[in-house]
Amino acid sequence: MGKSQIKNNIRRLRFNNDEMTQQQLADAVGASRQTIIAIEKGNYSPSLELAFRIATAFSTPLEEVFIYENAEPPKKK
Amino acid sequence: MSYREKENIINIISGLLITLIYGWIVFQRHLEGSINLTTDYNSWGMVFIIFIVVSIVARIIIYIIFHIINAIATREEKIPAEDERDKLIKLKATRNSHYIFSSGFVMSVMALAFGMPVYIIFIAFVIVGLLSEIVDNGSQIYYYRKGV
C-alpha cells in the first residue's frame, strides 16, 4: 500500500485545539482511534463524508485539513 | 495491537485448531470403519453439517473467553464500533479470500476431470475453506498494519 497523495494537518490542528487527543477527535467524528492514527500517518484516505466531519470538528474549511499534493490542473484540449 | 488485529489472530488460530482437531477425529473414525468417506457421500454431508455446528459453538466459546481476557488485560469493556475503514478492510479481505476459495474450487473440479476420486473434492473444500479463512484474516491484519 503506497502512501496517499493526500496530506493532512490533523496533528497540528489537534494541537491548536486545546491539544485534542486522537480519541477525542475519533469520538467527535464517529470513527475509531485507529482510523484517526491511519489518516494522520497518511495510510488511509478518508471518505468525503468523514473528511468533512473532521473539518467540522476543527471548525475549519476542508482544504485547511487536507491537501492534495501533485495536483495538476485539468488539461485543456 | 488493536482489538481488530487481535480478533483476526484469534480467528486464524481458532479456525486452524477447530479444523485440525475435527479433521483428525473424523479421519480416525474413518480408519476405525465407523464411517466410510471414500464411497459413502452421505456421510460427507453429515461430516460437514456437524462441522458447521461444532465450528459455530466453538467460536462463540472462544470469542467469549477472548473478550473476557482482553477486557481484563486492556481494561476496555466496550467492543470498538466498526467504522468505514474497518468495513473497507473487511471488503478487500473478503475479496482476497473469495479468490482463494474459487481457485481451489476450480482446481478440485479439474482434479475430478482428470480422474481423481470424488471424495477429493470434499477434502479440497475443507482445505480451501481453511486457507481462504486464513487469507481473509491475514489480509485484514496486513491492511490494518500497512494501510488501505
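Read from the N terminus on, the elements of chain A run β-α-α-α-α-α-β, so that this chain has five helices and two strands. The model in which these elements appear is a predicted one, and every value given here is computed from it. Chain A has 77 residues, of which 26% are buried. Among the contacts in chain A that join residues at least 6 apart in sequence, 57% link residues that are at least 24 apart.

A good place to begin looking at chain A is helix α2, which covers residues 22-29. Which residues of this helix are buried? They are A:Leu25, A:Ala26 and A:Val29. Seen down the axis of α2(A), these buried residues fall within an arc of 100 degrees, and they therefore line one face of the helix. A general property of helices helps in picturing this. An α-helix has 3.6 residues a turn, so residues three or four places apart point the same way. The cover over the buried residues of α2(A) includes three other helices of chain A, namely α1 (10-16), α3 (33-41) and α4 (48-57). Just after α2(A) comes A:Gly30, whose phi is positive, at about 75 degrees.

One of these covering helices, α4(A), can be followed in more detail. Two packed helices are described by the angle between their axes and the distance between the axes. For α2(A) and α4(A), the axes come within 9 Å and cross at roughly 120 degrees, and the crossing is right-handed. On the side of α2(A), the contact is made by A:Leu25, A:Ala28 and A:Val29, while α4(A) contributes A:Leu50, A:Arg53, A:Ile54 and A:Ala57. Sorted by class, this contact has six nonpolar residues, no polar residue and one charged residue. A:Leu25 and A:Val29 thus appear in two parts of the description, since they are buried residues of α2(A) and also take part in its contact with α4(A).

The loops of chain A hold two residues whose backbone deserves attention. Most residues other than glycine have a negative phi, and most peptide bonds are trans. A:Glu19, however, has a positive phi of about 50 degrees although it is not a glycine, and this residue lies in the loop between α1 and α2 of chain A. Is A:Glu19 buried or exposed? A:Glu19 is exposed, because 8 other C-beta atoms lie within 10 Å, and a residue counts as exposed if that number is 12 or fewer. A:Ser59 also has a positive phi, near 50 degrees, and is likewise a residue other than glycine. The place of A:Ser59 is in the loop between α4 and α5 (62-65) of chain A, and A:Ser59 is exposed, with 8 other C-beta atoms within 10 Å.

Chain B is built from four helices and zero strands, and its elements, from the N terminus on, run α-α-α-α. Taken along the principal axes, the C-alpha atoms of chain B fill a box of roughly 50 × 30 × 15 Å. Of the 148 residues of this chain, 13% count as buried. Among the contacts in chain B with a separation of 6 or more, 81% are accounted for by residues 24 or more positions apart.

Helix α4 of chain B, residues 119-146, has 28 residues and reaches 40 Å from its first C-alpha to its last, which is close to the 40 Å expected at 1.5 Å a residue. The buried residues of α4(B) include B:Ser132, B:Val135, B:Ile141 and B:Tyr144, and what covers the buried residues of this helix includes α1 (3-32) and α3 (84-113) of chain B. After α4(B) comes B:Gly147, which has a positive phi near 100 degrees.

B:Tyr144 leads back to the beginning of the chain, where B:Ser2 is found in the segment before α1 of chain B. How far apart are the C-alpha atoms of B:Ser2 and B:Tyr144? They are separated by 8.9 Å, although the two residues are 142 residues apart along the chain. B:Ser2 is partly exposed, with 16 other C-beta atoms within 10 Å. Leaving aside residues up to four places away in sequence, B:Ser2 touches A:Gln34 and B:Tyr144.

The touch between B:Ser2 and A:Gln34 brings the two chains together in the description. Eight residues of chain B are in contact with 10 residues of chain A. By class, the side of chain B that touches chain A has two nonpolar, two polar and four charged residues.

Key: Residues are numbered from 1 along each chain as its sequence is written. Chains are lettered from A and ligands numbered from 1 in the order in which they are written. This is a predicted model: local features need pLDDT of at least 70, side-chain atom pairs count only at pLDDT 80 or more; totals for chains, interfaces and linings use all residues. The expected span of a helix is 1.5 Å times one less than its number of residues. A residue is buried if 20 or more other C-beta atoms lie within 10 Å of its own, exposed if 12 or fewer, and partly exposed in between; C-beta atoms are placed from the backbone. Two residues are in contact if their C-beta atoms, placed from the backbone, lie within 7 Å. Ala, Val, Leu, Ile, Met, Phe, Trp, Tyr, Cys and Pro count as nonpolar, Asp, Glu, Lys and Arg as charged, and the others, Gly among them, as polar. The arc is that of the directions from the helix axis to the C-beta atoms. Axes are lines fitted to C-alpha atoms, for helices over the stretch in contact, and angles run from 0 to 180 degrees between N-to-C directions. A crossing is left-handed if the near helix is turned anticlockwise from the far one by less than a right angle, and right-handed if clockwise.
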